[in-house]
Amino acid sequence: MIGKNEKTEKKKKDENDIAENVSTNESIDDHSWGMDLYPERRGAKLKRSWFKTMIGLEGRESLDNVRCETNVYYCIKNSPIVKLMVAALKSSGCEIDIRRHISCEVCGPYVTGGYDAELNQVVICQNSAVSKGAVQANLLHEMIHMFDYCRNKLDLKNIDHLACTEIRAASIGHCSFLGSLVHGYSSFTNIKATHQNCVKSKAKLSVLAAHKVTPEEAEAAIERVFTKCYNDLEPIGRRIRRNSDDMTKAYAEAYLYGYT
Ligand SMILES: [Zn+2]
(Lines give C-alpha, C1' and ligand atoms only; values in the text may rest on other atoms or scores of the structure.)
Protein backbone atom coordinates (compact mmCIF):
# COMPACT_ATOMS: atom_id res chain seq x y z
CA MET A 1 0.00 0.00 0.00
CA ILE A 2 2.85 2.33 0.61
CA GLY A 3 6.30 2.43 -0.93
CA LYS A 4 9.61 3.20 0.71
CA ASN A 5 9.76 6.74 -0.68
CA GLU A 6 6.33 7.65 0.50
CA LYS A 7 7.26 6.33 3.89
CA THR A 8 10.24 8.65 4.11
CA GLU A 9 8.12 11.57 2.95
CA LYS A 10 5.50 10.80 5.56
CA LYS A 11 8.16 10.53 8.18
CA LYS A 12 9.33 14.03 7.43
CA LYS A 13 5.83 15.41 7.57
CA ASP A 14 4.78 13.77 10.82
CA GLU A 15 8.04 13.38 12.60
CA ASN A 16 6.49 13.67 16.02
CA ASP A 17 3.83 11.13 15.30
CA ILE A 18 5.57 8.19 13.77
CA ALA A 19 9.31 8.69 13.90
CA GLU A 20 9.73 5.98 16.52
CA ASN A 21 7.70 3.47 14.60
CA VAL A 22 8.88 3.81 11.07
CA SER A 23 12.48 2.80 11.42
CA THR A 24 11.99 -0.10 13.78
CA ASN A 25 8.76 -1.70 12.74
CA GLU A 26 8.73 -3.68 9.52
CA SER A 27 5.05 -4.43 9.78
CA ILE A 28 4.27 -1.05 8.25
CA ASP A 29 4.80 -2.70 4.87
CA ASP A 30 2.55 -5.62 5.66
CA HIS A 31 -0.51 -5.32 3.48
CA SER A 32 -2.39 -8.08 5.18
CA TRP A 33 -3.06 -6.21 8.39
CA GLY A 34 -6.17 -4.39 7.41
CA MET A 35 -4.56 -1.04 6.73
CA ASP A 36 -5.97 -0.92 3.19
CA LEU A 37 -9.34 -0.48 4.82
CA TYR A 38 -8.22 3.01 5.80
CA PRO A 39 -7.20 4.73 2.57
CA GLU A 40 -6.19 7.98 4.27
CA ARG A 41 -3.70 6.31 6.59
CA ARG A 42 -0.05 7.18 6.02
CA GLY A 43 -0.54 9.78 3.37
CA ALA A 44 -2.43 7.74 0.80
CA LYS A 45 -4.86 10.57 0.16
CA LEU A 46 -8.34 9.82 -0.94
CA LYS A 47 -8.67 9.97 -4.71
CA ARG A 48 -11.60 12.05 -5.67
CA SER A 49 -13.77 11.24 -8.61
CA TRP A 50 -14.91 14.33 -10.50
CA PHE A 51 -18.05 12.60 -11.58
CA LYS A 52 -19.00 11.66 -8.05
CA THR A 53 -18.20 15.16 -6.85
CA MET A 54 -20.48 16.62 -9.52
CA ILE A 55 -23.42 14.51 -8.52
CA GLY A 56 -22.81 15.24 -4.85
CA LEU A 57 -21.64 11.82 -3.68
CA GLU A 58 -18.22 13.10 -2.71
CA GLY A 59 -16.88 16.45 -1.67
CA ARG A 60 -18.57 16.36 1.70
CA GLU A 61 -15.54 14.95 3.47
CA SER A 62 -14.85 18.16 5.38
CA LEU A 63 -18.44 18.36 6.62
CA ASP A 64 -18.28 14.71 7.69
CA ASN A 65 -14.97 15.39 9.39
CA VAL A 66 -16.35 18.28 11.44
CA ARG A 67 -19.40 16.24 12.46
CA CYS A 68 -17.21 13.30 13.43
CA GLU A 69 -14.83 15.41 15.51
CA THR A 70 -17.80 17.09 17.20
CA ASN A 71 -19.21 13.66 18.10
CA VAL A 72 -15.83 12.45 19.39
CA TYR A 73 -15.49 15.55 21.53
CA TYR A 74 -19.04 15.10 22.82
CA CYS A 75 -18.36 11.47 23.82
CA ILE A 76 -15.07 12.33 25.53
CA LYS A 77 -16.86 15.01 27.56
CA ASN A 78 -20.18 13.27 28.23
CA SER A 79 -20.12 9.51 27.76
CA PRO A 80 -19.52 7.73 31.09
CA ILE A 81 -18.02 4.68 29.41
CA VAL A 82 -15.68 6.68 27.20
CA LYS A 83 -14.64 8.80 30.18
CA LEU A 84 -13.91 5.59 32.09
CA MET A 85 -11.72 4.30 29.27
CA VAL A 86 -9.86 7.61 29.13
CA ALA A 87 -9.30 7.41 32.90
CA ALA A 88 -8.20 3.77 32.69
CA LEU A 89 -5.72 4.54 29.95
CA LYS A 90 -4.35 7.46 31.93
CA SER A 91 -3.86 5.42 35.08
CA SER A 92 -2.16 2.69 33.03
CA GLY A 93 0.38 5.21 31.84
CA CYS A 94 -1.14 5.72 28.41
CA GLU A 95 -2.79 9.10 28.63
CA ILE A 96 -4.88 10.12 25.63
CA ASP A 97 -4.51 13.37 23.80
CA ILE A 98 -7.60 13.43 21.61
CA ARG A 99 -5.94 15.42 18.83
CA ARG A 100 -3.02 13.01 18.71
CA HIS A 101 -4.65 9.67 19.45
CA ILE A 102 -8.08 9.88 17.84
CA SER A 103 -8.48 10.55 14.16
CA CYS A 104 -11.62 11.00 12.06
CA GLU A 105 -11.01 9.71 8.56
CA VAL A 106 -12.67 8.47 5.40
CA CYS A 107 -12.63 4.67 5.40
CA GLY A 108 -13.39 1.99 2.88
CA PRO A 109 -16.80 0.38 2.92
CA TYR A 110 -17.75 -2.08 5.69
CA VAL A 111 -15.61 -0.53 8.43
CA THR A 112 -16.63 1.99 11.04
CA GLY A 113 -13.39 2.31 12.96
CA GLY A 114 -9.99 0.87 13.64
CA TYR A 115 -6.96 0.92 15.88
CA ASP A 116 -3.57 1.61 14.40
CA ALA A 117 -1.11 0.07 16.83
CA GLU A 118 1.91 1.48 15.03
CA LEU A 119 0.68 5.02 15.50
CA ASN A 120 -1.24 4.17 18.69
CA GLN A 121 -4.21 5.88 17.14
CA VAL A 122 -7.93 5.21 17.15
CA VAL A 123 -9.57 5.77 13.79
CA ILE A 124 -13.23 6.73 13.64
CA CYS A 125 -14.69 6.42 10.15
CA GLN A 126 -16.39 9.74 9.49
CA ASN A 127 -18.30 8.37 6.50
CA SER A 128 -19.83 5.38 8.29
CA ALA A 129 -19.91 6.10 12.04
CA VAL A 130 -22.23 9.07 11.72
CA SER A 131 -24.27 9.14 14.92
CA LYS A 132 -23.11 9.90 18.45
CA GLY A 133 -24.07 6.35 19.43
CA ALA A 134 -21.99 4.83 16.64
CA VAL A 135 -19.03 7.04 17.53
CA GLN A 136 -19.36 6.06 21.20
CA ALA A 137 -19.52 2.33 20.38
CA ASN A 138 -16.49 2.61 18.11
CA LEU A 139 -14.51 4.67 20.61
CA LEU A 140 -15.19 2.08 23.31
CA HIS A 141 -14.24 -0.83 21.04
CA GLU A 142 -11.04 0.71 19.76
CA MET A 143 -10.04 2.07 23.16
CA ILE A 144 -10.20 -1.49 24.52
CA HIS A 145 -7.62 -2.39 21.87
CA MET A 146 -5.61 0.65 22.89
CA PHE A 147 -5.86 -0.38 26.54
CA ASP A 148 -4.71 -3.93 25.73
CA TYR A 149 -1.86 -2.56 23.67
CA CYS A 150 -0.85 -0.34 26.58
CA ARG A 151 -1.31 -2.94 29.30
CA ASN A 152 -0.29 -6.18 27.64
CA LYS A 153 2.16 -5.21 24.93
CA LEU A 154 -0.30 -6.57 22.46
CA ASP A 155 1.30 -8.05 19.34
CA LEU A 156 -1.35 -7.79 16.66
CA LYS A 157 0.66 -10.04 14.35
CA ASN A 158 0.07 -12.84 16.82
CA ILE A 159 -3.36 -14.17 15.96
CA ASP A 160 -4.02 -15.29 19.54
CA HIS A 161 -3.38 -11.75 20.77
CA LEU A 162 -5.62 -10.35 18.07
CA ALA A 163 -8.36 -12.86 18.88
CA CYS A 164 -8.09 -12.02 22.58
CA THR A 165 -8.47 -8.29 22.22
CA GLU A 166 -11.34 -8.72 19.73
CA ILE A 167 -13.10 -11.05 22.18
CA ARG A 168 -12.74 -8.45 24.91
CA ALA A 169 -13.91 -5.60 22.70
CA ALA A 170 -16.93 -7.58 21.46
CA SER A 171 -17.80 -8.76 24.95
CA ILE A 172 -17.52 -5.44 26.75
CA GLY A 173 -18.82 -3.37 23.86
CA HIS A 174 -20.80 -4.59 20.87
CA CYS A 175 -22.52 -7.66 22.32
CA SER A 176 -23.47 -5.85 25.48
CA PHE A 177 -24.56 -2.67 23.77
CA LEU A 178 -26.68 -4.29 21.11
CA GLY A 179 -27.91 -6.92 23.48
CA SER A 180 -27.91 -10.28 21.79
CA LEU A 181 -31.65 -10.41 22.38
CA VAL A 182 -32.04 -7.69 19.80
CA HIS A 183 -30.50 -9.95 17.20
CA GLY A 184 -33.37 -12.34 17.65
CA TYR A 185 -31.37 -15.52 17.93
CA SER A 186 -31.66 -15.97 21.64
CA SER A 187 -34.05 -16.98 24.35
CA PHE A 188 -34.38 -15.40 27.75
CA THR A 189 -33.31 -18.63 29.43
CA ASN A 190 -30.04 -18.76 27.61
CA ILE A 191 -28.71 -15.24 27.76
CA LYS A 192 -25.22 -16.20 28.86
CA ALA A 193 -24.68 -18.68 26.03
CA THR A 194 -26.17 -16.18 23.62
CA HIS A 195 -23.80 -13.48 24.78
CA GLN A 196 -20.88 -15.85 24.30
CA ASN A 197 -22.08 -16.74 20.81
CA CYS A 198 -22.43 -13.08 19.96
CA VAL A 199 -18.88 -12.46 21.18
CA LYS A 200 -17.52 -15.37 19.18
CA SER A 201 -19.19 -14.36 15.93
CA LYS A 202 -18.34 -10.67 16.30
CA ALA A 203 -14.73 -11.44 17.24
CA LYS A 204 -14.45 -13.74 14.25
CA LEU A 205 -15.62 -11.01 11.87
CA SER A 206 -13.13 -8.58 13.43
CA VAL A 207 -10.24 -11.04 13.21
CA LEU A 208 -11.07 -11.76 9.57
CA ALA A 209 -11.26 -8.03 8.79
CA ALA A 210 -7.89 -7.40 10.39
CA HIS A 211 -5.87 -10.29 9.08
CA LYS A 212 -5.93 -12.62 6.11
CA VAL A 213 -6.59 -15.96 7.73
CA THR A 214 -9.18 -18.58 6.96
CA PRO A 215 -12.42 -18.59 8.96
CA GLU A 216 -11.26 -21.90 10.48
CA GLU A 217 -7.97 -20.37 11.66
CA ALA A 218 -9.84 -17.41 13.15
CA GLU A 219 -12.27 -19.73 14.96
CA ALA A 220 -9.45 -21.90 16.28
CA ALA A 221 -7.61 -18.88 17.69
CA ILE A 222 -10.79 -17.60 19.31
CA GLU A 223 -11.43 -20.99 20.93
CA ARG A 224 -7.84 -21.20 22.23
CA VAL A 225 -8.04 -17.96 24.17
CA PHE A 226 -11.78 -17.61 24.72
CA THR A 227 -12.18 -18.50 28.40
CA LYS A 228 -9.29 -16.38 29.56
CA CYS A 229 -10.10 -13.34 27.46
CA TYR A 230 -13.88 -13.50 27.84
CA ASN A 231 -13.53 -13.42 31.61
CA ASP A 232 -11.11 -10.50 31.56
CA LEU A 233 -13.33 -7.46 32.02
CA GLU A 234 -10.64 -4.91 32.65
CA PRO A 235 -11.01 -1.97 32.76
CA ILE A 236 -14.81 -1.93 32.76
CA GLY A 237 -15.44 -4.41 35.54
CA ARG A 238 -18.85 -5.44 34.34
CA ARG A 239 -20.34 -5.93 30.93
CA ILE A 240 -22.30 -3.03 29.70
CA ARG A 241 -25.87 -3.95 28.88
CA ARG A 242 -28.04 -1.78 26.75
CA ASN A 243 -31.00 -0.09 28.38
CA SER A 244 -29.51 -0.58 31.79
CA ASP A 245 -27.68 1.69 34.12
CA ASP A 246 -24.55 -0.47 33.86
CA MET A 247 -22.76 2.22 31.94
CA THR A 248 -23.25 4.73 34.71
CA LYS A 249 -22.48 2.09 37.36
CA ALA A 250 -19.27 1.10 35.64
CA TYR A 251 -18.23 4.71 35.69
CA ALA A 252 -19.30 5.13 39.31
CA GLU A 253 -17.28 2.04 40.32
CA ALA A 254 -14.17 3.05 38.46
CA TYR A 255 -12.61 4.45 41.61
CA LEU A 256 -12.55 0.93 43.05
CA TYR A 257 -10.09 0.00 40.33
CA GLY A 258 -8.00 3.10 40.71
CA TYR A 259 -9.02 4.62 37.41
CA THR A 260 -10.13 8.03 38.55
ZN1 LIG B 1 -11.58 -4.65 17.02
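Here is a walk through this predicted model, from the whole chain down to one residue. Residues are numbered from 1 along each chain as its sequence is written. Because this is a predicted model, local features need pLDDT of at least 70 and side-chain atom pairs count only at pLDDT 80 or more, while totals for chains, interfaces and linings use all residues.

Let's start with the fold. The chain has 12 helices and 3 strands; these are DSSP runs numbered from the N terminus, with helices being H or I over at least four residues and strands E over at least two. Of the 260 residues, 36% are buried, meaning that 20 or more other C-beta atoms lie within 10 Å of a residue's own (12 or fewer is exposed, in between is partly exposed, and C-beta atoms are placed from the backbone). Take the contacts with a separation of 6 or more: residues 24 or more positions apart account for 64% of them. A contact here is two C-beta atoms, placed from the backbone, within 7 Å.

Now for confidence. pLDDT is the predictor's confidence in each residue, from 0 to 100. The chain averages 77, and 71% of the residues score at least 70. Among the elements, helix α11 (residues 215-230) has the highest mean, 96, and helix α2 (residues 15-24) the lowest, 24. Residues 1-33 have pLDDT below 50, yet this stretch has 32 contacts in the model beyond near neighbours in sequence. Residues 179-183 are also below 50, with 10 such contacts.

Finally, zoom in on R151, which lies in helix α7 (residues 132-152). R151 counts as partly exposed because 15 other C-beta atoms lie within 10 Å. S92 is 59 residues from R151 in sequence, but their C-alpha atoms are 6.8 Å apart in space.
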